[in-house]
Amino acid sequence: MSRFLSGKYAALEPYTPGEQPKTAVLTKLNTNESPFPPAKEVTDAIAEAAASLQLYPDPDCTALRGAIAKTFDVDPDMVLCNNGSDEGLYFAFMAYCEEGTPAVFPDITYGFYPVFAGMTGTDYREVPLREDLSIEPEDYFEAGGTVFIPNPNAPTGIPLSRAQIDEILKHNPDNIVVIDEAYVDFGTESAVPLTREYGNLLVIQTFSKSRSLAGMRLGYVIGCKELIADLNTLRFSTNPYNIDRLAMAAGTASLENDRINIAHCEEIMKNREYTCGELAKMGFEMTDSTANFIFVRHPEIEGGELFAELRKRGVIVRHFTKERISDYNRISIGSREQMDILLREVRDILDGKRR
Ligand code: PMP
């Protein structure tokens, strides 16, 4: 840190993204990316847009917002596009958290939430998960602050139903509720239809996981038009050109060809069931994940040890040292071939321990 950094950031602990290895690794299952590259229609659209990069992009993001609105059957004024859904989350912290209005989120959840609280100088309250690592909706009734819930939760992958989100909304008429749906497309009910009903709901989604565009940085927020206008005030006050021409073209083409993304999601869900079945046969315990990752532990090997052993063999998963979950590893679901490599190495590690 230099002596010039503003005192207000001196204690900030930045978010640590999952490792992006610089050398070729065999099997990268640590940051929940899609194993499938974007469709040719998407890369063609990017190439075409590249020819106009001397011009600024449309600050209203009209074409992409239109495509998102059509996909979700909402008004384009209910959509805001972001440079990755992390930016949408940051805007929501900026807009709706302040002294007396803390952020309220699960004690085990996406590690960026406490960082956003730090960035925006707001307090936060962590709500403990139940013993089985699921979220108890009632714990969020009359939350006394702005609620942030990933659905499904990360890193557990455990979902809430739309009816449960509806209950949380009903019991928070005076609080904003933000549902972070980064992993919704792998078998979780979306809360987007509720945005037409509730003036206090924001749903945040991303092109990073189910639409194979993590490298593009593209996300969006859906909510009533007054809330989206709030977020636009912040956007136009920080970075009005937050969506570049390539991302706008990629996102629009991706939604126009969404059947390809949906087929990829179905394949990932199939690979998830297969991997869970094989790991269960080896004695693993796991949460009931509806995400493109699973959260697993084994009674005979510590989470950190399994992580390190896999790492040595060129398979990267994600291990968190946080108290209640340090026995677990989060494993992204990739192609069948990647999962077979993982399973082979895990089997070998367990055999080695038993010998
Ligand atoms: N929410 C959750 C729960 C996540 O795990 C992630 C990915 N790290 C994000 C939001 C952000 O995704 P992106 O910025 O790539 O859209």
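Here's a quick briefing on a predicted model of a protein chain, from its overall build down to a few local details. The chain carries 10 helices and 12 strands, and it's split into two parts, domain 1 (17–36 + 259–354) and domain 2 (40–256). Much of what follows is about how those two domains meet, and the rest visits some loops in the chain.

**Overall build**

- Why can the chain be called compact? With 355 residues, a compact globule would have a radius of gyration near 20 Å, and the chain's value of 21 Å agrees with that.
- If you drew a box around the C-alpha atoms along the principal axes, that box would come out at roughly 60 × 50 × 50 Å.
- Domain 1 is written as two stretches of sequence, 17–36 and 259–354, while domain 2 is written as one, 40–256.

**Where the two domains meet**

- Measure from centre to centre, using C-alpha atoms, and domain 1 and domain 2 are 26 Å apart.
- How many residues does each domain bring to the contact? Domain 1 puts in 27 residues and domain 2 puts in 28 residues.
- The size of an interface is often given as the accessible area lost when the parts come together.
- Here, about 2100 Å² is buried between domain 1 and domain 2, with carbon and sulfur atoms giving 54% of that area.
- On the domain 1 side, the residues losing the most area to domain 2 are Asn 261, Thr 290 and Arg 324, which together make up 30% of what that side buries.

**Polar links across the interface**

- Two salt bridges turn up across the interface of domain 1 and domain 2.
- Arg 324 and Asp 107 pair up through their side chains in a salt bridge, at 3.3 Å from N to O.
- Between domain 1 and domain 2, 12 residue pairs are in polar contact.

**What domain 1 offers to domain 2**

- Helix H8 (258–281) and strand E10 (293–297) each give at least two residues to the side of domain 1 that touches domain 2.
- H8 has the largest share of that side, with eight residues.
- What kinds of residues make up this side of domain 1? You'll find 11 nonpolar, nine polar and seven charged ones.

**A look at Tyr 110**

- Where does Tyr 110 sit? Look in the loop between strand E3 (103–106) and helix H4 (112–119).
- Leaving aside residues up to four places away in sequence, Tyr 110 touches Tyr 15, Asp 86, Leu 89, Pro 150, Ala 154 and Asp 180.
- With one of these, Asp 86, the side chain of Tyr 110 makes a polar contact of 2.7 Å.
- Tyr 110 and Thr 156 are 46 residues apart along the chain, and their C-alpha atoms are separated by 9.9 Å.

**Backbone details to look for**

- Most residues other than glycine have a negative phi, and most peptide bonds are trans.
- The peptide bond from Asn 151 to Pro 152 is cis, with omega near 0 degrees, and Pro 152 belongs to the loop between strand E5 (146–150) and helix H5 (162–170).
- Ala 154 and Pro 155 are also joined by a cis peptide bond, with omega at about 5 degrees, and Pro 155 lies in the loop between E5 and H5.
- Asn 32 isn't a glycine, yet it has a positive phi of about 55 degrees.
- To find Asn 32, go to the loop between strand E1 (27–28) and helix H1 (40–50).

Technical notes
Residues are numbered from 1 along each chain as its sequence is written. This is a predicted model: local features need pLDDT of at least 70, side-chain atom pairs count only at pLDDT 80 or more; totals for chains, interfaces and linings use all residues. Side-chain values use heavy atoms; hydrogens and water are left out. Domain bounds come from an automatic or database domain assignment. Contact means heavy atoms within 4.5 Å. Buried area is the accessible area (1.4 Å probe) that two parts lose on being put together, summed over both. A salt bridge is a side-chain nitrogen of Lys or Arg within 4 Å of a carboxyl oxygen of Asp or Glu. A polar contact is a pair of N or O atoms within 3.5 Å; within protein, one must be able to donate a hydrogen and the other to accept it, and residues adjacent in sequence count only if both atoms are side-chain atoms. Helices (H or I, at least four residues) and strands (E, at least two) are DSSP runs, numbered from the N terminus. Ala, Val, Leu, Ile, Met, Phe, Trp, Tyr, Cys and Pro count as nonpolar, Asp, Glu, Lys and Arg as charged, and the others, Gly among them, as polar. The radius of gyration is taken over C-alpha atoms; the globule rule is 2.2 Å times the number of residues to the power 0.38.
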